[in-house]
Amino acid sequence: MKLFRLDASIRTEGSMSRALADTAEQAWLTQHPHGTVIRRDLGVQPLPGDTWTLLAHEVVNPDAPAPREAHELLDRLGTELLEADAFLFAVPMYNWNVPEQVKTWIDLILKHPVAGVHGNWPLTGKPAILTLSRGGGYGPGTPKEGWDHATPYLRRILADVLGLDLHIAEAELTHAFWDPKMESLRELAEQSMKTGHEQAAEHGTRAAQLTGA
């Protein structure tokens, strides 16, 4: 059994999205102790920003094919997904949206001839977990209600476009752990983190059970 895990936080220590993903991964590995985790860390190794442009340009200008390296990278990214039985995406919200490195990865995946929008939907129905962290609060009635553009976009891409059976574990107000201006919200942040870890463990176990079905 293989679990594909994508991380996007630029923080390797103290990252909330990574911490939630660790909980989900451990729950999955508990059910599949001999399973393999395929890792793609965009926070540590972001993808070249011009790869999609080069690949897209050759569609409209066949006389200027993209470099071989661009096609090889696209093939590797697609293979990572096609080889997996379950999926784990750890994504923080930056500037009210997905990190740039995640958008680059998504654009390339959607261009893949098999896994992407012109493929035969090979990922449909496979279990997936999305662990999200947000520095502030964006729920109904909050000052920034509606500012979270990351969650609906990721749900649209991962569930509606790629067809994954997606479940989300999330934590809000994470900046309260270090920002003195948000100290009054620390208790709510701790509760949100606790709930997020519970969700991550539950979703990880569920994904493992579906993987082994």
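Visitor: Is S9 buried or exposed?
Guide: This is a predicted model, and S9 is a good place to start. The cut-off for buried is under 20% relative accessible area. S9 has 3% relative accessibility, so S9 counts as buried.

Visitor: Where does S9 lie?
Guide: Two elements frame this residue. One is β1, and the other is α1, residues 16–31. S9 lies in the loop between β1 and α1.

Visitor: Which residues does S9 touch, not counting residues up to four places away in sequence?
Guide: Sequence neighbours are set aside here, up to four places away. The residues touched by S9 are then S15, S17, R18, G43, P92 and Y94.

Visitor: What does the side chain of S9 reach at 3.0 Å?
Guide: A polar contact needs N or O atoms within 3.5 Å. At 3.0 Å, the side chain of S9 meets a backbone atom. That atom is the backbone nitrogen of R11.

Visitor: Which residues does UniProt list for "binding site"?
Guide: The record is an unreviewed entry. Its "binding site" positions also turn up in the model's largest pocket, whose lining takes in S9, S15, M16, S17, S133, R134, G135 and G136 from this set. UniProt lists S9, S15, M16, S17, S133, R134, G135 and G136.

Visitor: Why does R134 count as buried?
Guide: R134 sits in the loop between β4 and α5. Buried means under 20% relative accessible area. R134 is buried because its relative accessible area is 6%.

Visitor: Which side chain makes a polar contact with the side chain of R134?
Guide: Leaving aside neighbours within four places in sequence, R134 is in contact with M93, D148, T151, E170, A171, E172, L173 and T174. One of these also makes a polar contact, side chain to side chain, at 2.9 Å. The partner is E170.

Visitor: Which backbone oxygen lies 3.4 Å from a polar atom of the side chain of R5?
Guide: R5 is in strand β1. At 4% relative accessibility, R5 is buried. Contacts of R5 beyond four places in sequence include R18, A21, D22 and E25. The backbone oxygen at 3.4 Å belongs to R18.

Visitor: Which helix supplies the largest share of the largest nonpolar core?
Guide: The core has 38 residues, and F4, F87, F89, W105 and L130 touch the most other members. Elements that each supply at least two residues include β1, α3, β3 and α4. Six residues make up the largest share, and they come from α4.

Visitor: How many residues are in the second, separate core?
Guide: In soluble globular proteins, nonpolar side chains tend to be buried together. Here a second core stands separate, with A24, L29, A169 and A207 among its members. Its count is 14 residues.

Visitor: Why are the buried residues of α2 on the same side?
Guide: Helix α2 spans residues 51–60, and its buried residues are T51, L55, A56 and E58. What covers them includes α3 and α4. They are on the same side of α2 because they cover an arc of only 155° around the axis.

Visitor: How far apart are the end C-alpha atoms of residues 1–162?
Guide: The unreviewed UniProt entry annotates residues 1–162 as "domain: Flavodoxin-like fold". Over these residues the chain is 40% helix and 16% strand. The end C-alpha atoms are apart by 20 Å.

Definitions and conventions
Residues are numbered from 1 along each chain as its sequence is written. This is a predicted model: local features need pLDDT of at least 70, side-chain atom pairs count only at pLDDT 80 or more; totals for chains, interfaces and linings use all residues. Side-chain values use heavy atoms; hydrogens and water are left out. A nonpolar core is a set of buried Ala, Val, Leu, Ile, Met, Phe, Trp, Tyr and Cys residues joined through side-chain atoms within 4.5 Å. Buried means under 20% relative accessible area, exposed over 50%, partly exposed in between (1.4 Å probe, protein chains only). Helices (H or I, at least four residues) and strands (E, at least two) are DSSP runs, numbered from the N terminus. The arc is that of the directions from the helix axis to the C-beta atoms. Contact means heavy atoms within 4.5 Å. UniProt positions are given in the numbering used here, feature names are shortened, and annotations may be inferred rather than shown by experiment. On a 1 Å grid over the protein atoms alone, a cavity is a set of points where a 1.4 Å probe fits but cannot get out, and a pocket is an open set with protein on both sides within 12 Å along at least five of seven lines; lining residues have an atom within 4 Å of a point. A polar contact is a pair of N or O atoms within 3.5 Å; within protein, one must be able to donate a hydrogen and the other to accept it, and residues adjacent in sequence count only if both atoms are side-chain atoms.
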